[in-house]
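Trainee: Could you take me on a close look at a single part of this structure? I'd like to understand the empty space inside and what surrounds it.

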Amino acid sequence: MNGLDFDLRVLRPWARDPGFYANVWAEMSDVPEHEGSTAPPIDLFRFTFPLSKADAAVLSQQLAAIPRLLDQARVNLRDGNARDLWRYSDQVLSAQVETLARLEAGTLRLRTLEGEPVASLAGTGPELRHAVRAARKASEAFRLWVADEARTKSGPSGIGKTEYDWYARNVHLVPYSWEEQRTLLQRELDRAIAGLRLEELHNRNLPQLPMLQDPAAYHAWSRQRLQRFGDFLISARLMEERPAYRSALEARLIAYRAPVDRDFFGHGTALDPMPLYSHFYHWVELARMREQPHPDPIRRALPLSNIYDGRAEGFATALEELAMQAGLYDDVPRGREIVYIMLANRAARGLASLHVQANAWDLAQAGRFHARWTPRGWSDANSALVRFEQLLYLRQPGYGTSYVIGKLQFDHLVARLSERADRDGTRLDMRDVFARFLDAGVIPVALIEAEMLGEAN
């Protein structure tokens with residue numbers, strides 16, 4: 001109810017954010033729900049292609065609503081003046097046009113738990129083909145209208161510190177204000193960069209990590225690193241040895257990318273894909289939610305208002321460093337350097353998002369800060385990745401900070417459990433901590449902490 005109240009009072013994406021109306025999704029998110037606010041979604045990845053006659057009828061009906069939805073959007077957005085939400089929305093609106101064009105051409109790749117099947121309209125009738133074409137044309141016309149209107153927009157796009165504090169505490173149950181989050185993220189940014197430099201000093205007599213240039217050799221090596229990560233998850237009791245969980249990881253096998261095509265994550269995975277595989281724990285968790293649904297019907301349901309972010313993104317980020325400390329890189333110590341660089345990047349982009357929400361910076365300034373404080377020049381302020389990330393964190397307050405804040409909440413929980421174990425004269429078994437934490441479900445970390453410490457009402 002607090003999330004609904006906030007949407008109605010403050011966020012109002014249907015009236016402020018043109019990107020709200022990009023609602024055709026080819027890729028399954030790596031978290032339980034769609035990232036950010038969206039009009040009722042049309043999830044192509046939930047369909048099995050080639051489409052059955054019944055599914056073709058359902059999809060036709062869904063897509064046929066898009067032209068009318070976008071006509072209504074022009075009315076809903078009439079008084080909107082959030083400058084950056086308008087000027088940067090072209091990225092998500094263009095993506096919808098491209099998705100529909102590829103669906104029409106039979107070249108659209110989906111992203112599902114099982115892999116990346118191709119969506120084709122083969123065998124379907126004229127009704128669906130007409131609906132796809134009409135949706136594409138309406139989406140392109142809406143994109144052009146937004147781009148034209150955006151030139152006149154001059155207002156702030158962030159929600160301000162006061163509303164940010166209310167939202168953090170009353171919707172996401174995060175115990176830190178805007179100011180406290182800024183301090184915490186700055187500390188993590190400093191620690192990550194200092195940790196990187198000390199790690200480089202520690203590794204000073206080691207050769208640099210090789211960068212494979214042959215796609216086939218990289219593919220084999222990437223699969224080997226993925227296998228090692230899966231074995232680590234099992235030994236740490238973070239994953240059961242189930243075919244569905246292994247296949248969820250294998251479907252995310254990182255492929256070779258040529259130097260010219262590398263963004264921030266591409267630079268890291270060129271040296272070692274395992275740090276990013278650690279974050280891909282998301283997919284194991286999604287497979288677990290499907291294979292072993294939580295017994296509690298409330299926790300089993302998809303979380304509303306994106307309250308999953310600190311738990312889902314926070315633990316995936318925490319696991320990058322947890323795995324490192326547990327020995328995942330003992331055979332390649334320089335892999336630890338990548339972990340610190342990834343943490344610095346997440347802290348920098350989270351800090352930037354805070355200043356955007358406070359209306360102190362625009363998205364261009366945020367992107368420059370984001371890139372400037374990412375070590376080794378791996379982040380480009382003008383890249384599609386940085387623009388996508390900073391726009392998402394503007395559209396969904398608190399998401400940009402959730403990676404680090406959720407990680408710190410997990411650290412705090414471990415510290416409290418450790419203090420209690422020391423006081424009781426017992427040994428804290430981290431594998432038991434993992435099991436209990438994960439069994440609680442994808443809910444705010446504050447609720448898990450209260451439950452695990454016996455403080456829940």
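Mentor: Happy to! Let's start with the walls of the largest cavity: by class, its lining has 8 nonpolar, 8 polar and 2 charged residues. Keep in mind that this is a predicted model. In total, 18 residues line the largest cavity, and those lying nearest its centre are His 172, Val 174, Asp 309, Gly 398 and Ser 402. As for its size, the volume comes to about 160 Å³. A search of the whole structure turns up 5 cavities of 30 Å³ or more, and the one we are looking at is the largest, at about 160 Å³.

Which helices build the lining? Helix 8 (161-170), helix 16 (309-325) and helix 20 (399-424) each contribute at least two residues to the lining of the largest cavity. Helix 20 gives the most, with 5 residues. You can tie this back to the centre of the cavity: Asp 309 and Ser 402 are among the residues lying nearest to it, and the ranges of helix 16 (309-325) and helix 20 (399-424) take in these two positions.

For another view, turn to a place where two helices meet. The axes of helix 4 (residues 66-76) and helix 7 (residues 126-150) come within 8 Å and cross at roughly 15°, so the two helices are roughly parallel to each other. The crossing is left-handed. On the helix 4 side, the contact includes Ile 66, Leu 70 and Arg 74, while helix 7 brings residues including Ala 138, Phe 142 and Trp 145. By class, this contact has 10 nonpolar, 1 polar and 1 charged residues.

Key
Residues numbered from 1 in each chain as written. Predicted model: local features only at pLDDT ≥ 70, side-chain atom pairs only at ≥ 80, totals over all residues. Heavy atoms only, no water. Axes fitted to C-alpha atoms, helices over the stretch in contact; angles between N-to-C directions. Helix = DSSP H or I, 4+ residues; strand = E, 2+ residues; numbered from the N terminus. Parallel < 35°, antiparallel > 145°, perpendicular 65-115°, else oblique. Left-handed = near helix turned anticlockwise from the far one by under 90°. Contact = heavy atoms within 4.5 Å. Nonpolar A, V, L, I, M, F, W, Y, C, P; charged D, E, K, R; others polar. 1 Å grid on protein atoms, 1.4 Å probe; cavity = no way out; pocket = protein on both sides within 12 Å on 5 of 7 lines; lining within 4 Å. Points joined across faces, edges and corners; volume = space filled by probe spheres on them.
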